[in-house]
Amino acid sequence: MNKKFLTAEWNNLIMANYLIDPAILLPYLPNNTELDFYNGECYVSLIGFMFEKTKILGLSVPFHVNFEEINLRFYVRVKDGNTWKRGAVFIKEIVPKFAISFVANTLYREKYVTLPTKSFYKEINGNIELGYHWKYKGIWNKLEATVEKESSRMKPGSKQEFIAEHYWGYAKYSNSTTFEYAVQHPSWLVHTVKKYNIVCDFEKLYGKQFAFLNENEPDTVFMAQGSPVVILHKNNL
């Protein structure tokens with residue numbers, strides 16, 4: 001049985017989801033995967049959340065236990081016998097700790113970069129106000145939301161479920177080799193977003209092919225409550 005590589009909690013996830021031309025994502029597509037669509041539409045998601053109680057191989061690393069992560073990801077699937085594995089591929093993952101970036105990039109061929117980050121969370125008048133900030137070339141980018149304090153289960157077959165419930169990670173090691181790893185967590189409760197604020201220079205952070213996102217509003221934004229998670233050791237696909 002595949003052993004645990006990392007355990008943590010992923011909490012208070014703001015998930016801003018944009019429609020995208022599938023052709024833009026094809027150069028990032030790992031071998032043996034294909035794009036995953038929801039009702040014929042292709043999505044990329046800007047996600048900010050808290051990475052907490054982090055342990056690698058059962059060990060906590062001082063000063064690397066609790067931190068923010070902001071990532072841009074898209075969705076793929078892989079045929080395994082008669083079933084489909086649904087997973088995510090990351091364009092870039094931002095954290096404030098170099099050691100996290102080094103381990104993830106070296107062992108899992110992920111796309112981590114190390115930048116200054118900060119966050120806030122507060123409960124006011126029955127709402128939750130939260131946000132994630134990351135600094136690039138002297139400018140702070142922002143992903144913020146005000147959400148209802150009450151949470152609910154995702155509706156089966158909903159867009160929220162499609163975005164949140166991808167339980168595999170895929171990373172392109174080479175043109176012929178793909179790393180695959182399982183991500184285990186329960187189904188998350190979600191909060192309705194009442195308003196949001198996104199200040200992100202997609203072109204500078206992710207490349208000119210994503211510049212159109214600077215002018216586009218997200219198709220949907222919601223907050224997932226989060227939970228403990230387990231990431232298993234990788235396999236070659």
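Which residue in β4 is the bridge partner of I47? In this predicted model, the bridge partner of I47 in β4 is N71. This pair is a handy place to start, since the strands around it lead on to the rest of the structure.

The pair belongs to a longer match between two strands. β3 and β4 run antiparallel and are joined by eight bridges. β3 also has β1 as a partner, and these two strands pair in the antiparallel sense over eleven bridges. One of the pairs involving β3 sets Y18 against V44. With ten of its 14 residues buried, β3 is largely enclosed by the rest of the structure. A useful idea to keep in mind when looking at such elements is that the side chains of a regular strand alternate between the two faces of the sheet.

Further strand pairing is found around β12, which covers residues 189-199. β9 and β12 run antiparallel and are joined by nine bridges, and S152 stands opposite V190 in β12. β12 also pairs with β13 in the antiparallel sense, this time over three bridges. Here H191 stands opposite M223 in β13.

Attention now turns to the nonpolar interior. In soluble globular proteins, nonpolar side chains tend to be buried together. The largest nonpolar core of this model has 37 residues, and L46, W134, F202, Y206 and F210 are those with the most contacts inside it. At least two residues of this core come from each of β1 (4-19), β3 (43-56), β4 (67-80), β5 (83-95), β8 (127-136), β9 (139-153), α4 (202-206) and β13 (220-232). β4 gives the most to this core, with five residues. Apart from this core lies another one, of 31 residues, and F5, Y75, M154 and V190 are among them. V190 has already appeared above, as the residue of β12 opposite S152.

Y206 offers a closer look at the largest core. Leaving aside its neighbours within four places in sequence, Y206 is in contact with Y28, L46, L72, I91, K92, I94 and C200. Of these contacts, L46 is listed alongside Y206 among the residues with the most contacts inside the core.

L213 sits in the loop between α4 and β13. A loop residue can still be hidden from the surface: L213 has a relative accessible area of 2%, so it counts as buried. Beyond its neighbours within four places in sequence, L213 is in contact with Y18, V44 and F202. Y18 and V44 are the bridge partners met earlier. L213 and N12 are 201 residues apart along the chain, and their C-alpha atoms are separated by 23 Å.

Lysine K85 makes another interesting stop. K85 lies in strand β5, and because its relative accessible area is 15%, under the 20% cut-off, K85 counts as buried. The side chain of K85 makes a polar contact with the side chain of D80 (3.3 Å). The K85 side chain also makes a polar contact with the side chain of E180 (3.4 Å). Not counting residues up to four places away in sequence, K85 touches V76, R77, V78, D80, W168, Y170 and E180.

The interior also holds some empty space. The count comes to one cavity of 30 Å³ or more, and about 430 Å³ of space lies in the largest cavity. This cavity is lined by 29 residues, of which W10, E93, Y112, Y181 and I231 are the closest to its centre. The lining takes at least two residues from each of β1, β3, β4, β5, α2 (98-108), β10 (168-172) and β11 (178-184). β1, β3, β4 and β5 are also among the elements that each supply at least two residues of the largest core.

Finally, two loop residues deserve a glance for their backbone angles. Most residues other than glycine have a negative phi. N39, in the loop between β2 (34-35) and β3, has a positive phi near 50°. K137, in the loop between β8 and β9, likewise has a positive phi, of about 55°, although it is not a glycine. Are these two residues buried or exposed? N39 is exposed, with a relative accessible area of 66%, and K137, at 69% relative accessibility, also counts as exposed.

Definitions and conventions:
Residues numbered from 1 in each chain as written. Predicted model: local features only at pLDDT ≥ 70, side-chain atom pairs only at ≥ 80, totals over all residues. Heavy atoms only, no water. Core = buried A, V, L, I, M, F, W, Y, C linked by side-chain atoms within 4.5 Å. Buried < 20%, exposed > 50% of the residue type's maximum accessible area, 1.4 Å probe, protein only. Helix = DSSP H or I, 4+ residues; strand = E, 2+ residues; numbered from the N terminus. Contact = heavy atoms within 4.5 Å. Polar contact = N/O pair within 3.5 Å; in protein donor to acceptor, adjacent residues only side chain to side chain. Pairing = 2+ DSSP bridges. 1 Å grid on protein atoms, 1.4 Å probe; cavity = no way out; pocket = protein on both sides within 12 Å on 5 of 7 lines; lining within 4 Å. Points joined across faces, edges and corners; volume = space filled by probe spheres on them.
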